[in-house]
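Me: Please take me through this structure by question and answer. I should like each reply to reason briefly and to close on the value or name requested.

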Amino acid sequence: MNDILVNKLPEATDQRRTILNLYNSGIEPEIISLELDINEDIIKDIIKNESKRDSGHTNNNLSNYLLNKFYLDAIIDVNSVVKEAQFRTWNALKAKPELNIIAKETQNILEQNAESKLRLVMLHIDLVGSTKMALTLPIDRLTTIIRSFAQEMTNIISLYGGYVLKYIGDAVLAFFVIEDTTSDEQYISKVNNLREESETNNGFSSLQFSNGISCALTMIKVIKEGINPILNQYDYPELKVRVGIDYGEVAVVQYGIDIYEFEKIILKKPHLDLIGYTISVAVKMTSLAEADHIVIGQKLYDQLDIKLKDSFRQLKTNTEIWNYANHTNGELYNIFTNN
């Protein structure tokens, strides 16, 4: 029945080609149905009848082996995250996107640790080429892209147990709290002694340190397979990102009190922020990453298990492009990028 209906539709061949192109670019049948206003069963029949579709097609250059080995894959369905991103992006292009920010959780963490230091993994992600977009795109298109980007990155950070600290133009700065389950030295020793054991035996500490990297890889995957295929259909530029991540002690500082007035009720809350060398390093190293790649610092690299370390290579640097020092030996601070 559906096959007959499809064949009788005007310009059926072009329509079929459009459906297959959308599907092969990574867009789910449900989203194609919404986008083209065609019954989802018809969409699925066309896809099913395409006998020679390359089921392995993907524009994703990330290492599938690496992604499949992350501890949270058993909990987080990355493909579902991609599908949801497609749906929200499609809606954002049809109407003004909603940026739902949950600031309460971040505020609570900072208030609980005000005037103290936390061991954090800091993550900084920004858009590549945003300056050019700002100069060439109409303001409505630019704001749609920035809002959609910020919303999807916020959702992913939350999924991986992180907190958004702030939005800085086209960038998002986030953090992951490292519980003090064991000292750094004990952990490194433990990792080095577990070369022959499976990754799942590396314990909670290993999960904490790899979370930021898992989050970053999912971010890149969502950009490439979730957001970009939708943008392509509406003549928006494709997005590319860079991510910088490092680990270290960061101070929680209170600047003063924020005062809000709501219906003659005065609300007060402490104005808190994070300050530390780790943040500066994570932000600066982002600019050294290739598009759709991650750069991590030596301190985070030292905490990773052996297999995850093998997925990174050291970046060659010099004082002209990188002047952050290793406080232990006074030499340039080593940074690494994913293969």
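Me: What distance does helix α6 reach from its first C-alpha to its last?
Reply: This is a predicted model, in which local features need pLDDT of at least 70, side-chain atom pairs count only at pLDDT 80 or more, and totals for chains, interfaces and linings use all residues. Residues are numbered from 1 along each chain as its sequence is written, and side-chain values use heavy atoms, with hydrogens and water left out. Helices (H or I, at least four residues) and strands (E, at least two) are DSSP runs numbered from the N terminus, and the expected span of a helix is 1.5 Å times one less than its number of residues. For the 17 residues of α6 (78-94) the expected span is 24 Å, and the model is close to this, at 25 Å.

Me: Which residue places a side-chain oxygen by the backbone nitrogen of Asn-79 at the start of α6?
Reply: A polar contact is a pair of N or O atoms within 3.5 Å; within protein, one must be able to donate a hydrogen and the other to accept it, and residues adjacent in sequence count only if both atoms are side-chain atoms. Here the side-chain oxygen comes to within 3.2 Å of that nitrogen, and it belongs to Asp-77.

Me: Is Thr-89 buried or exposed?
Reply: Buried means under 20% relative accessible area, exposed over 50%, and partly exposed in between (1.4 Å probe, protein chains only). Thr-89 is found in helix α6, and contact (heavy atoms within 4.5 Å) links Thr-89 to Ile-227, Ile-230 and Leu-231, leaving aside neighbours within four places in sequence. Because its relative accessibility is 2%, Thr-89 counts as buried.

Me: Where does the largest nonpolar core lie with respect to domain 1 and domain 2?
Reply: A nonpolar core is a set of buried Ala, Val, Leu, Ile, Met, Phe, Trp, Tyr and Cys residues joined through side-chain atoms within 4.5 Å. The largest one has 62 residues, and its largest share, 12 residues, comes from helix α11 (residues 203-233). The domain bounds come from an automatic or database domain assignment. Because domain 1 (11-54) and domain 2 (76-181 + 203-338) both give residues to this core, it lies between them.

Me: Which residues does Leu-300 contact, leaving aside its neighbours within four places in sequence?
Reply: Leu-300 is among the members of the largest core that touch the most other members, together with residues including Leu-123 and Ile-125. With its sequence neighbours left aside, its partners are Val-121, Phe-209, Ile-213, Ile-245, Asp-246 and Tyr-247.

Me: What separation do the C-alpha atoms of Ser-116 and Val-252 have?
Reply: Ser-116 lies in the loop between α7 (103-112) and β1 (117-127), and Ser-116 is partly exposed, with a relative accessible area of 28%. Beyond its neighbours within four places, Ser-116 is in contact with Val-250, Ala-251 and Val-252. Ser-116 and Val-252 are 136 residues apart along the chain, yet their C-alpha atoms are separated by 5.6 Å.

Me: Which residue offers its backbone oxygen to the side chain of Thr-337?
Reply: Thr-337 is found in strand β8 (residues 335-338) and, at 4% relative accessibility, counts as buried. Its contacts beyond four places in sequence include His-293, Ser-311 and Leu-315. A polar atom of its side chain lies 2.8 Å from the backbone oxygen of Ile-294.
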